[in-house]
There are 2 protein chains.
Amino acid sequence: MGSEAIDNCLKAIYQLAGDDERATTAGLAEQLAISPASVTGMLKKLSESDPPWIEYQKHHGARLTDRGRARALEIIRHHRLIELFLHRVLDYSWDEVHVEAEKLEHAISETFEDRIAHVLGDPEFDPHGHPIPRRDGTLPDRADSDLIDMEPGTDAEVSRVSDHDPTMLQHLSSIGVRPGVRIHLLERRPFDGPLMLRVGDDRAVHAFGARLAGSIRIRDIRSTAA
Amino acid sequence: MGSEAIDNCLKAIYQLAGDDERATTAGLAEQLAISPASVTGMLKKLSESDPPWIEYQKHHGARLTDRGRARALEIIRHHRLIELFLHRVLDYSWDEVHVEAEKLEHAISETFEDRIAHVLGDPEFDPHGHPIPRRDGTLPDRADSDLIDMEPGTDAEVSRVSDHDPTMLQHLSSIGVRPGVRIHLLERRPFDGPLMLRVGDDRAVHAFGARLAGSIRIRDIRSTAA
DNA sequence: ACCTAAATTTAGGCACGCCTAAAAATGGGC
DNA sequence: GCCCATTTTTAGGCGTGCCTAAATTTAGGT
Ligand SMILES: [Mn+2]
Ligand SMILES: [Mn+2]
Ligand SMILES: [Mn+2]
Ligand SMILES: [Mn+2]
C-alpha cells in the first residue's frame, strides 16, 4: 500500500498541519527536502489514490483524510517507539536516536512494533518527551506550553524538546535539560534577549536564546511535594 | 552506495556460488524471484560500477570481487544478528525471524549492528545454527555434514537447519529439533526411503523424508561426557 | 479593479528496478 | 563438426520518485 515516500509525505502533512488544517506545497517541500514540483506530483497521487490519503485542491494545499491521519500516526508511533527502544535497550544517546528511527520506522512490521512496545511497558512518551500515538490512533495528552511564554520568577517542568538538531540535544543534555527536569526562570532580558534560568538543583544560571528556548516546551510543576 | 536491490543481488551470488565460484543468471533469477532479463541488467550494472562489485562475462555468470564479497558478508551479518536479536530479545519464534530480518538487514546502521552484537555477547551462530560473519569478514567455522549422509546406528548433534520455510521450522520445533540437540539414526529405509531417528531424550521415532532431511546439517557428537 | 511578486502547477526529463517478447549465444548429443 | 534445446541477452516499455525550467494561478497592495 504505502511506499516510504508516501509515508513520509503523510507524516509531514500531519506535522505541519495536524489533524484538520491544510499543509502548503512549499511547506512540504521544505520539510521533505524535495522540490515544490515533486510535492505537487505526490499530492495529486495521494488524493487520487483509492481510497484517498488526502483531500487536495490545487493551489490550496492538502488535508489528511481519516485514512491519511491514521497512517501518519502509525508511522509516528513507529518512530517514537523505536527512539525509546534504541535509547533504553540499545544504549543510544539522546541525539543519536532520531536519525536511526527515521529509517527504521518504515522497515518494521506490526509484530516488531508490538514487541518493542511490550518490552518498554507500553510507554506514552519518547526520549524527547513527545507523545507516542496509541495503536487506536489516540494521543496521550499532556497540557504544555512554550518556554518562551513562561512567567519570570516561576518554576516549571520540561515537557519536551525538539529532536531534529543533534548538536542542540547534546548541548541540552550537557546542561541537564531533559523531560521531567524542573527549571526556574529568573528573568527575561529585554529586547527579545535570552531567558535566564536554572536547571534542576544546579546553581548555575543559563542563558537561553530564541532558537534554544523555542525548541522547548514546559508544563506547570506538579505537586511540588518536598 | 549500495541499494537494497544491489545488496540482495550480491547476497544471492554469495549464497549460490560462495567466495569464488560463478552464479548463473537463471539461478539468480530464481533466488531473487525476478526475471532473467532483469538479472542480466543488474549484473551489467554491478560489473560496471566503479569499483566493481562483481566480475562478469556475458553468458558465463558472475563472480564476486573482494568488495562484492565483503558487502555480501556484511548484509548476511546483519541478517543473522537481527534474527538472533529478534529471537532472544523480542521473543520472536524460530520461524518468524527470517522474514523480519530480510527487511531490517537493509535498514540498520553500523551502530545498530554493533549495539545488538554487544547486547548478544558477540554471538557466532544465529537461531538456525548459521554462522554469523565477523566484522572483519571471516566466518566462524564448524565442520558439519548433511544429515542424509549420516551413518545408521550412530549419534550426532544438529548443527543447522534451513530457515526459509516457516512451516518446516514449526514442525522441526514441535519434535524438538534445533541446533545443539543430539539425534540418533536408527536406520535408513530402502529405495531413498525416510531416515528413522530419535531426537534428544525422546523415545519417539520420527521419519524424515528427503525434503526434511535435506534441510538439516549435523556434526559429530562432542565429548559425550555423561 | 489591476498589477505584480510569490507560490504553485505543468511539461519534459532522468535513474532505478522491474517487466515481456524477440534475438542471439552456448554447449551437449549425435 | 553441426544442430537444436536451453540459457542468456537485447530491445522496448512501465511505474515511482525525483529534478529543472517554463507557464500559470493566487493573493496582497494600491
Ligand atoms: Mn505499525
Ligand atoms: Mn523524538
Ligand atoms: Mn553493517
Ligand atoms: Mn537464519
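## Salt bridges in chain A

In this predicted model, A:Arg134 is partly exposed, with a relative accessible area of 34%, and A:Glu124 is likewise partly exposed, at 36%. These two residues form a salt bridge in which the closest N and O atoms are 3.3 Å apart. The pair links distant parts of the chain, although A:Arg134 and A:Glu124 both lie in the loop between H6 and E3 of chain A, 10 residues apart.

A salt bridge with an N to O distance of 2.6 Å joins the side chains of A:Arg135 and A:Asp114. Because A:Arg135 lies in the loop between helix H6 (110–119) and E3, whereas A:Asp114 belongs to helix H6 itself, this pair ties together parts of chain A that are 21 residues apart in sequence. Both residues also take part in a network of salt bridges that includes A:Arg77, A:Glu110 and A:Glu113.

## The sheet of chain A

Chain A has an open sheet of 6 strands with antiparallel pairing, in the order E3-E8-E4-E5-E6-E7. Strands E3 (145–146) and E7 (205–208) stand at the edges with a single partner strand each, so one side of each has no neighbour in the sheet.

Within this sheet, strand E4 (residues 155–161) of chain A pairs with strand E5 (residues 182–188) over 3 bridges, and A:Glu157 has A:Arg182 in E5(A) as its bridge partner.

## The manganese site in chain B

The manganese ion (ligand 4) has as its protein donors B:Glu83 (OE), B:Asp126 (OD), B:His128 (ND1) and B:Asp163 (OD), which lie 2.1 to 2.6 Å from the ion. Along the chain, the donors follow the spacing E-x42-D-x1-H-x34-D, and both B:Asp126 and B:His128 are buried.

Conventions. Residues are numbered from 1 along each chain as its sequence is written. Chains are lettered from A and ligands numbered from 1 in the order in which they are written. This is a predicted model: local features need pLDDT of at least 70, side-chain atom pairs count only at pLDDT 80 or more; totals for chains, interfaces and linings use all residues. Side-chain values use heavy atoms; hydrogens and water are left out. Donors are N, O and S atoms within 2.8 Å of the metal (3.2 Å for Na, K and Ca); water is not among the atoms, so sites may look incomplete. Buried means under 20% relative accessible area, exposed over 50%, partly exposed in between (1.4 Å probe, protein chains only). Two strands pair if DSSP finds at least two bridges between them. Helices (H or I, at least four residues) and strands (E, at least two) are DSSP runs, numbered from the N terminus. A salt bridge is a side-chain nitrogen of Lys or Arg within 4 Å of a carboxyl oxygen of Asp or Glu.
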